[in-house]
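Biologist: Hello! Could you walk me through this model, one question at a time?

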Amino acid sequence: MIGYAVGLGNVWRFPYLAFQNGGGAFLIPYLIMLCVAGLPIFFLEVSLGQFCSQGPLGAFRGVPIVKGLGFAMVVISVYVGIYYNVVITYTLFYLFSSFTADVPWRGCGNPWNTNECVDSHLTANVTCLTNITANSTGLFLENNLTDFASTILPNVSSAAGFNQSLVNTTCLDRVSPSENYWKNRVLGLTDGIHNLGSVRLELVLILMLAWAIIYLCLLKGVKSSGKAVYFTATFPYVVLTILLVRGLTLDGAFDGVVYFFKPRWELLKESKVWKDAATQIFYSLSASWGGLITLSSYNKFNNNCYRDSLIVVLTNSFTSIYAGVAVFSVIGFMANVLKTDISKVVADGPGLAFVVYPEALSQMPISPLWAVLFFLMLFTLGLDTMFATLETIVTSFTDVFPTTLRRHKALFTLAVCVVLFLLGIPLVTQGGFYYLHLMDSYAASYTLILCAIVEMLAISYIYGLDRFCDDIKLMTGKAPGLYWRITWSFVSPAVLLFIFIYSLANYKPLKLNDYAFPPWANAIGWLTVASSALLIPAVAIFQVASRDGSFFERLKSACKPERKWRPYLKQDRTGRYAPKTDIFFPPVDNRSDSPICDSKARLFYSPDSSMSSMTSAT
């Protein structure tokens, strides 16, 4: 679960949000939201999965009217599985490209570089790049650009071979070699989502390799993936520590760390800061994806899930802060090299992982070594998340069709991998990154919050908070305290409802840097939201309609636990879930005064015996 919860977002999103929302002051709303939203929903889902030993499709048999939550979670996991593995493909592309004498994104003399490319190794002191044309031909400058800029440009009117009228003093947009490499070499990015371009064959092959690795790790279910994560969940911490130690020894690193932690208290008055803190906690813990329910379903029934929840949640938050220090130490170094403000270097998401950080790595001695470590770390971070995501999809279906699919689980897992690989191919076209950004922004956002709200309200007010607490006591021997009851029934749903309403009220059409997505693309995004969110009311309607009686009788029936709702293993069914004694009364045999015994009976009964004289069958 640590591997699942700790993912790419801890490295490329938390540092950016902390910087943007008050630096060290951001930790205050972050830790508050951790207590009132993150930890409660995490513990609830882990307890739910451990109790019933089922994936998302079977975990809500205790509240049949919201069984659509399980379907919504599986659909979300399918969407995430399609595009998240494409991100892993990018990390593998960079990883393979780093096994060279020098990293390929250094310098501007490559076929993929544009005229706006500026080598930061040569232009550390240049603040404005002047567009110079000679004989109507663009002059591409790379070597000795610093000397040229500082010596020739100020005296260009007297320099031999140049004419003042040929100098255009308009400053050009500065593009780093790493940005050119990301957009032109890796993505081959087109001008918009309307233009898919051609399929990037290299990326298709690497995507196939990524799915092959995931399948081999999941070949025997959690038995094989559980062994794999001993490496994939711990290795990122080793690399983060190495990068942190190396980063802190670089010039300007201290400035970057100070910038990361420097509190800007005035920002705490803004609601956006609190919304971002809650969102980051919620998404980084991977709640409502179904993965937590799936992984905890493999726990032993009496496992201390309370302890596990605390360990995983606190480890996740520690990793975010730890990664922030490691990232900002390198960003501070990069700002020092470029002689620019740190705020101009910081980026979010893929911009940090595939543009800013590679550019910083290229500034270090022995750059390929640090690049290999960094992208291997990103690969293992993403791999853990994919393990749980794919296991969620597979387990959900094998729980629903145990006799058909469970005995052929390896084959079914292979089929799911092949299908998701084929669905991911459009995302590795030249315009595929636009669709990846679209899916990431819509498919795994609004529905997650909605699922969490419905989930907590259904457990608290339909299934019954007391009953749920009794179930946890049955597993752990201790009932949840007042903190859990208050957060589950009121505080956490209220906080998430605020986030949901705030997000909708401040909705803006999607953009990628300066590119605005057209209305039809945003409509596709909302359709992905609807395809999962509408499953909740649709299944609720089906549950009510498929039962007998008046409307209120049907509604009441749909809110009661199904007969199959109980601990999965017979030895764990105690208390209210203990098997009821079946008393069998066979017809009286007048031909004999001897007791009558039926092979199916739990008790003997004699015609002249009373209830008190019944004896247990052997």
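Modeller: Gladly, and a definition comes first: buried means under 20% relative accessible area, exposed over 50%, and partly exposed in between (1.4 Å probe, protein chains only). This is a predicted model, where local features need pLDDT of at least 70, side-chain atom pairs count only at pLDDT 80 or more, and totals for chains, interfaces and linings use all residues. Residues are numbered from 1 along each chain as its sequence is written, and side-chain values use heavy atoms, with hydrogens and water left out.

Biologist: Thanks! Is Lys 570 buried or exposed?

Modeller: Lys 570 sits in the segment after helix H24 (551-558); helices (H or I, at least four residues) and strands (E, at least two) are DSSP runs, numbered from the N terminus. Its relative accessibility is 67%. By that value, Lys 570 counts as exposed.

Biologist: Which residues gather with Lys 570 in a patch of positive charge?

Modeller: Patches are made of residues with over 30% relative accessible area and no salt bridge, joining like charges within 9 Å and nonpolar side chains (Val, Leu, Ile, Met, Phe, Trp, Tyr) within 5 Å. A salt bridge here is a side-chain nitrogen of Lys or Arg within 4 Å of a carboxyl oxygen of Asp or Glu. Lys and Arg count as positive, Asp and Glu as negative, while His and the chain ends are not counted, and a charge is placed at NZ of Lys, CZ of Arg, CG of Asp or CD of Glu. On the surface, Lys 570 is joined by Arg 563, Lys 564 and Arg 566.

Biologist: What is the area of the nonpolar surface patch with Val 418?

Modeller: Val 418 belongs to helix H18 (residues 409-424) and counts as partly exposed at 41% relative accessibility. Its patch partners are Leu 411, Leu 414 and Leu 422. Accessible areas come from the Shrake-Rupley method with a 1.4 Å probe, and for residues only the protein chains shown count as cover. The patch comes to about 350 Å².

Biologist: How many residues apart in sequence are the parts tied together by Lys 67 and Glu 562?

Modeller: These two form a salt bridge, with the closest N and O atoms 3.2 Å apart. Lys 67 lies in the loop between helix H4 (27-52) and helix H5 (68-97), and Glu 562 in the segment after H24, so the pair ties together parts whose distance in sequence is 495 residues.

Biologist: And Lys 67 itself, buried or exposed?

Modeller: Its partner Glu 562 counts as partly exposed at 23% relative accessibility. Lys 67 has a relative accessible area of 15%, so it is buried.

Biologist: Which helix holds both Glu 179 and Lys 183?

Modeller: Their side chains meet in a salt bridge (3.1 Å, N to O). Glu 179 is partly exposed at 24% relative accessibility, and Lys 183 is partly exposed at 26%. They are four residues apart, about one turn of the helix, in H7 (residues 177-187).

Biologist: How many salt bridges does the structure hold?

Modeller: One of them pairs Lys 275 with Asp 276, with the closest N and O atoms 3.7 Å apart. Elsewhere, shared partners join Arg 185, Arg 200 and Glu 202 into one network. The number of salt bridges in the structure is 13.

Biologist: What is the relative accessible area of Ser 288, a residue with positive phi?

Modeller: Phi of Ser 288 is near 70°, a positive value in a residue other than glycine. Ser 288 is found in the loop between helix H12 (271-284) and helix H13 (291-296). It is buried, with a relative accessible area of 0%.
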